[in-house]
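This report goes through the model piece by piece, from a local turn up to the contact between the chains. Please keep the sequence and the 3D view at hand while reading.

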Amino acid sequence: MSEIVTEGGLRELAGAWLAGGKRLAGPCRVKADRVFYRAVTAPGELLLASCRPDNSIKEFFFPRHEKLYGYRLTGNGVELFDTEEATGAQLVFAGRPCDAAALPVLDHVFNWDFPDRFYLQRREATTVVTFACVDADEHCFCTSLGLAPGAVRGSDALLVAAGDGAFEVRVLTEKGRALFAGRTVVSDKQGRVAAPPPVRFDAAAAGAFARDRFEDPFWRTHTLACLGCGACAYTCPTCHCFDIADEGAGSTGHRVRNWDSCQFDMFTLHASGHNPRAGQAARQRQRIYHKFHVYPEKFGAILCTGCGNCGRNCPAGLGVLPLVTEIDDGKHLQA
Amino acid sequence: MTENIYKPDLMEVMSIRRETADVKSVRLRFRDEARARAFSFRVGQFGIFSAFGYGESVFNICSSSNWRDRIEFCFRRVGRVTEALWDLEEGDTVGFRGPYGNSYPMEEWEGRNLIFLGGGIAMPPIRCAVWYALENRQKYGDITVVYGARTVGDLVFTGELAEWARRDRVRVVQCVDPGGETPDWKGEIGFVPTVFERAQVPAGNAAALVIGPPIMIKNTLPVLDRMGIPPSAVYTSLENRMKCGVGKCGRCNAGSMYVCKEGPVFTMEAVARLPMDY
């Protein structure tokens, strides 16, 4: 037996959530062939089904643009003031498990030593409801990262399609239980998760290659096509680099943070003109090196969930999967 | 609620000294008295200084940690933030976050001879350690400072260099690149590595701090090696670009180090283990 909710029931749940003055976000079909995660103001805007949006849910925890505080110049003094921080309850529907699975990985960097309250407040206030995948495409490689189409990491509840617009509700946390309390019916329907995509590479081997073969010509020969556009980082659920800048006019403004990417040439440019990562190959290498070697060494978690967004959105056919499968096919691993 | 780690302290500009045509050093004190009393740091640590409306920049805190009433930083005018800092006047307000990062092992260096090698705008992060050593003079052996810049006009803290040279068991060697001298220049002419080797500094029981442009560091290391100073006794301060200073923003990584957290101070032994990413 299982607990079941219908798509209509989910919309009612979403409507009640919004009616409570709380924030809601999830997949939306913005064009015939485009699905994006967005904050919504009506449940009808949501695409409530397993899907692969072009972006990730990280922006509901770590927005692409965020005010850190405000400043006001007063003579030769300065007053700093807090900006309104969105701390209220938030419900996020994740179209697939690899988006939610990124959150516990991101928690490490935002929490070590200097806790980042902007991120942590949103994490605390957010309930994540995830749709298990019903299929995989050629860019998917979650199984190479130890995940699966029905992975539960980072989710408060998992919805598994059970046919006829119904979902089996698998409650995972207290937040998930509270959300679905009284909204499910007992049924003998069973959800069906997609068959897992094949394991495409050995993530540990990729990390070891990046560490041991830092100067290998592989990086140059395999990343020549990179345009440095940063689409991989912006659509990645785990990439979290940011810039801090001032935006204001006259005597008042805000210090803000904006998403940034190691794929941009100015990312590491020194004031002297020296750039430790002077070419695009070094920047592509950094992306693999950080995800598969640095982050695991520092925080014990790989900074990748196998969502495939980098490959799906790359205009040059690069991304984690194409690069790392080249590493792991063995010919680059021989001494 | 957790504090906002990005929000700076407000500091008042006490005084400004123009060091060269494009370098100034600035002396600051906390506007908040309780914060001033609670504040401490260790030489070698850095701060993030801001000109509101323009942004933040990372500089070493170049004053000694014994100077309890103030901190100092020094900058070259090269970009948006430093252009704004250039226009500061006494009494103005700047933002300060820090202290961040690790520091020089001043306790470990006790009982040893200290060799400081600096190039150009790298004097400020050396200056804090020199003053600290001079203020704890009996704990350290001979102190040698070799400092070079492109031209005579590019040398910073020149008054203090002269003052150090008058102290007991302190030797200061100044040099400028060939062509950078003036008719009345009394210092050496040449690059830091060659001038240092010519200076025949006794190397026994020495710790060295080498900060400067990559080419200076690269050419100085073989000299230190020939003198028998092991890489584990040679220190530097890496200058990877940073934004957050607190191990979040991702841009200061060198190898698996977050330079803002595990650095900026490394031994050359540790640097040699890093990939070329700095």
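## A hairpin in chain A

In chain A, β4(A) and β5(A) form a hairpin in which two residues lie between the strands, and Gly75(A), a residue of the turn, has a positive phi of about 60°. The model is a predicted one, and the values given here are computed from it. Strand β4 of chain A covers residues 65-74 and strand β5 of chain A covers residues 77-81, and the two pair in the antiparallel sense over five bridges. One of the bridge pairs joins Thr74(A) to its partner Gly77(A) in β5(A).

## A helix pair in chain A

Two packed helices are described by the angle between their axes and the distance between the axes. For helix α3 (residues 102-111) of chain A and helix α4 (residues 117-125) of chain A, the axes come within 9 Å and cross at roughly 145°. The crossing of α3(A) and α4(A) is left-handed. On the side of α3(A), the contact is made by Leu103(A), Asp107(A), Phe110(A) and Asn111(A), while α4(A) contributes Tyr119(A), Leu120(A) and Arg123(A). By residue class, this contact of α3(A) with α4(A) divides into four nonpolar, one polar and two charged residues.

## The overall form of the two chains

The table sets out the secondary structure and the extent of each chain, with the box taken along the principal axes of the C-alpha atoms.

| Chain | Helices | Strands | Box of C-alpha atoms |
|---|---|---|---|
| A | 11 helices | 12 strands | roughly 65 × 65 × 40 Å |
| B | eight helices | 15 strands | roughly 55 × 45 × 35 Å |

Chain A has a radius of gyration of 21 Å, which agrees with the value near 20 Å that a compact globule of 335 residues would have. For chain B the radius of gyration is 18 Å, and this agrees with the value near 19 Å for a compact globule of 278 residues.

## The open sheet of chain B

In chain B, six strands form an open sheet in the order β4-β3-β6-β1-β2-β5, and the pairing is antiparallel. The edge strands of this sheet are β4 (55-60) and β5 (71-76) of chain B, each of which pairs on one side only. Neighbouring strands of the sheet are turned by 40° against each other on average, with direction ignored. At one edge, strand β2 (residues 23-30) of chain B pairs with β5(B) in the antiparallel sense over six bridges. Within that pairing, Val23(B) has Arg76(B) in β5(B) as its bridge partner.

## Domains of chain B and the contact between chains

The domain assignment of chain B gives domain 1 (9-100) and domain 2 (113-237). The C-alpha centres of domain 1 of chain B and domain 2 of chain B lie 24 Å apart, and 15 residues of domain 1 of chain B are in contact with 14 residues of domain 2 of chain B. The side of domain 1 of chain B that touches domain 2 of chain B divides into six nonpolar, seven polar and two charged residues.

How many residues of chain B are in contact with chain A? The contact involves 36 residues of chain B and 43 residues of chain A. On the side of chain B that touches chain A, the residues divide into 14 nonpolar, 12 polar and 10 charged.

Note on methods:
Residues are numbered from 1 along each chain as its sequence is written. Chains are lettered from A and ligands numbered from 1 in the order in which they are written. This is a predicted model: local features need pLDDT of at least 70, side-chain atom pairs count only at pLDDT 80 or more; totals for chains, interfaces and linings use all residues. Two residues are in contact if their C-beta atoms, placed from the backbone, lie within 7 Å. Ala, Val, Leu, Ile, Met, Phe, Trp, Tyr, Cys and Pro count as nonpolar, Asp, Glu, Lys and Arg as charged, and the others, Gly among them, as polar. Domain bounds come from an automatic or database domain assignment. Axes are lines fitted to C-alpha atoms, for helices over the stretch in contact, and angles run from 0 to 180 degrees between N-to-C directions. Helices (H or I, at least four residues) and strands (E, at least two) are DSSP runs, numbered from the N terminus. A crossing is left-handed if the near helix is turned anticlockwise from the far one by less than a right angle, and right-handed if clockwise. Two strands pair if DSSP finds at least two bridges between them. The radius of gyration is taken over C-alpha atoms; the globule rule is 2.2 Å times the number of residues to the power 0.38.
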